[in-house]
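Welcome, and thanks for taking a look at this one. Please open the model and keep it beside you while you read the notes that follow.

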Amino acid sequence: LSLHDALPILDEAEEHLTLLPDFLAAKAGGVAMHRPLEGKSHVVAFAPFETIPGGVIVEEREDVVLAVSQNLRRNLILFGTLGLALTSIAAWLHVRRTMRPVRRLTSASRAIAEGVLDQPVQVHRNDEIGVLAQSFEAMRQKLLEAERQRARWEQEMEDQVEERTERIHTLLAGAISAQEEERKRVARELHDDVSQDLATSLITLQRLSQSNTGLEQAERDALEQAQSQIGNTLKEMR
C-alpha cells in the first residue's frame, strides 16, 4: 500500500497519512504525534502486514495513550514513597535494635572502668555485638575474681599484721616489765647494800671527828669534806 493508493481510500485519515510517509515507504512500523489546530492531540501508529502489502493505522488520544505511563509514574512515585518510608522505618528499627546493646556495652564498660564489677553485661545476640558482649562479660568476671583475690590477700595481710602487732606488744610489755623489775632490784640493792655502807661510813667519820679532838685543822677540814661528799652521794643515790 503506497501513499498514492492510500489517499483515496483513507480520506478521513489524510492528515494522519502525511505523518507516516517514511514508515509507509519503508514498510516499517512507527508512531507519530498529531497535534491539529483544533481538537486534542493524539497519537498515530502504523503497523505493516508481514505477508501482504498494506498495514494498520491506529489513532488514540494523547491523554489516553499516556494515561498508562502517567498511572505507572504515579504508582512508581506512590510505591517509591511507600518503599522509602518502609525502608526508613526498617533502618530506624535496625539502628535502634543495634544501638540499644551498644549503649548497654558502653554503660557496662564505663562501670567496669569505674571499678563497679558486680553488674553483669546482659546483651544476648548472635552477631559481632554479642561476641563483644561475651568478651566484656569474661573480662568483668576475671576482674571481679582478681578483686576478690586481692581483698582476701589484704585481709590476710591485715590479720597477720594485727597478730604480729599483738605479739610485739606482748614482747614489749614483757620487756618493760622486766626492765621495771630490774630497776626495782637495782634500787633494792642500792638501798639495802650501798646505802647502808655509805650511812655506816658517814657515821664512822662523824665519830672519828668527834673522838679525835687533837686533830689539826687540815685534818678536820678533810674529815668534814669527806662527810659532806658521802652525805651528798647518799642523797643523790636515794
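In which helix is the place of Glu166? Glu166 sits in helix 5, which covers residues 128–211. Before going further, please keep in mind that this is a predicted model. The briefing begins with the overall fold, then turns to surface patches, salt bridges and two pairs of residues.

**Overall fold**

- The protein chain contains 6 helices and 3 strands.
- Followed along the sequence, these elements give the pattern α-α-α-β-β-β-α-α-α.
- Of the 238 residues in the protein chain, 18% are buried.
- Two helices come up again and again below: helix 4, made of residues 62–113, and helix 5, made of residues 128–211.

**Charged patches on the surface**

- A patch of negative charge on the surface brings together Glu156, Glu158, Asp159, Glu162 and Glu166.
- Glu166, one of the residues in that negative patch, has a relative accessible area of 48% and is therefore partly exposed.
- Positive charge has a surface patch too, formed by Arg96, Arg100, Arg103 and Arg104.
- Arg104, for its part, belongs to helix 4.
- With a relative accessible area of 45%, Arg104 counts as partly exposed.

**A nonpolar patch**

- Leu78, Phe79, Leu82, Leu86, Ile89, Trp92 and Leu93 make a nonpolar patch of about 760 Å² on the surface.
- Ile89, which is one of these residues, is located in helix 4.
- The relative accessible area of Ile89 is 47%, so this residue is classed as partly exposed.

**Salt bridges: the Glu137 and Arg140 pair**

- How many salt bridges does the structure hold? There are 7 salt bridges in the structure, and a few of them are worth a visit.
- Glu137 and Arg140 are joined through their side chains by a salt bridge, at 2.7 Å from N to O.
- The side chains of these two residues, Glu137 and Arg140, also make a polar contact at 2.7 Å.
- Both residues are in helix 5, and because they are 3 residues apart, about one helical turn separates Glu137 from Arg140.
- Are Glu137 and Arg140 buried or exposed? Both Glu137 and Arg140 are buried.
- For Glu137 the relative accessible area is 15%, which is why it is classed as buried; the cut-off for that class is under 20%.

**Salt bridges: Glu180 with Arg183, and a network**

- Glu180 pairs with Arg183 in a salt bridge whose closest N and O atoms are 3.1 Å apart.
- Glu180 is partly exposed, since its relative accessibility is 33%.
- Arg183 is exposed, with a relative accessible area of 53%.
- Glu180 and Arg183 are 3 residues apart in helix 5, so about one helical turn lies between them.
- Elsewhere, Glu147, Arg150 and Glu154 are linked into one network by salt bridges that share partners.
- Within that network, the side chains of Arg150 and Glu154 meet at 2.2 Å, N to O.
- Arg150 and Glu154 are both in helix 5, where they are 4 residues apart, about one turn of the helix.
- Arg150 is partly exposed, its relative accessible area being 35%.
- Glu154 is likewise partly exposed, at a relative accessible area of 38%.

**Two pairs of residues to find in space**

- Where is Gly115 found? Gly115 lies in the loop between helix 4 and helix 5.
- At a relative accessible area of 48%, Gly115 is partly exposed.
- Gly115 and Leu143 are 28 residues apart in sequence, while their C-alpha atoms are 9.1 Å apart in space.
- Gly55 belongs to strand 3, which runs over residues 55–61.
- The relative accessibility of Gly55 is 23%, so Gly55 counts as partly exposed.
- Between Gly55 and Ala28 there are 9.2 Å in space, C-alpha to C-alpha, and the two are 27 residues apart in sequence.

Note on methods: Residues are numbered from 1 along each chain as its sequence is written. This is a predicted model: local features need pLDDT of at least 70, side-chain atom pairs count only at pLDDT 80 or more; totals for chains, interfaces and linings use all residues. Side-chain values use heavy atoms; hydrogens and water are left out. Patches are made of residues with over 30% relative accessible area and no salt bridge: like charges are joined within 9 Å, nonpolar side chains (Val, Leu, Ile, Met, Phe, Trp, Tyr) within 5 Å. Accessible areas come from the Shrake-Rupley method with a 1.4 Å probe; for residues, only the protein chains shown count as cover. A salt bridge is a side-chain nitrogen of Lys or Arg within 4 Å of a carboxyl oxygen of Asp or Glu. Lys and Arg count as positive and Asp and Glu as negative; His and the chain ends are not counted. The place of a charge is taken as NZ of Lys, CZ of Arg, CG of Asp or CD of Glu. Buried means under 20% relative accessible area, exposed over 50%, partly exposed in between (1.4 Å probe, protein chains only). A polar contact is a pair of N or O atoms within 3.5 Å; within protein, one must be able to donate a hydrogen and the other to accept it, and residues adjacent in sequence count only if both atoms are side-chain atoms.
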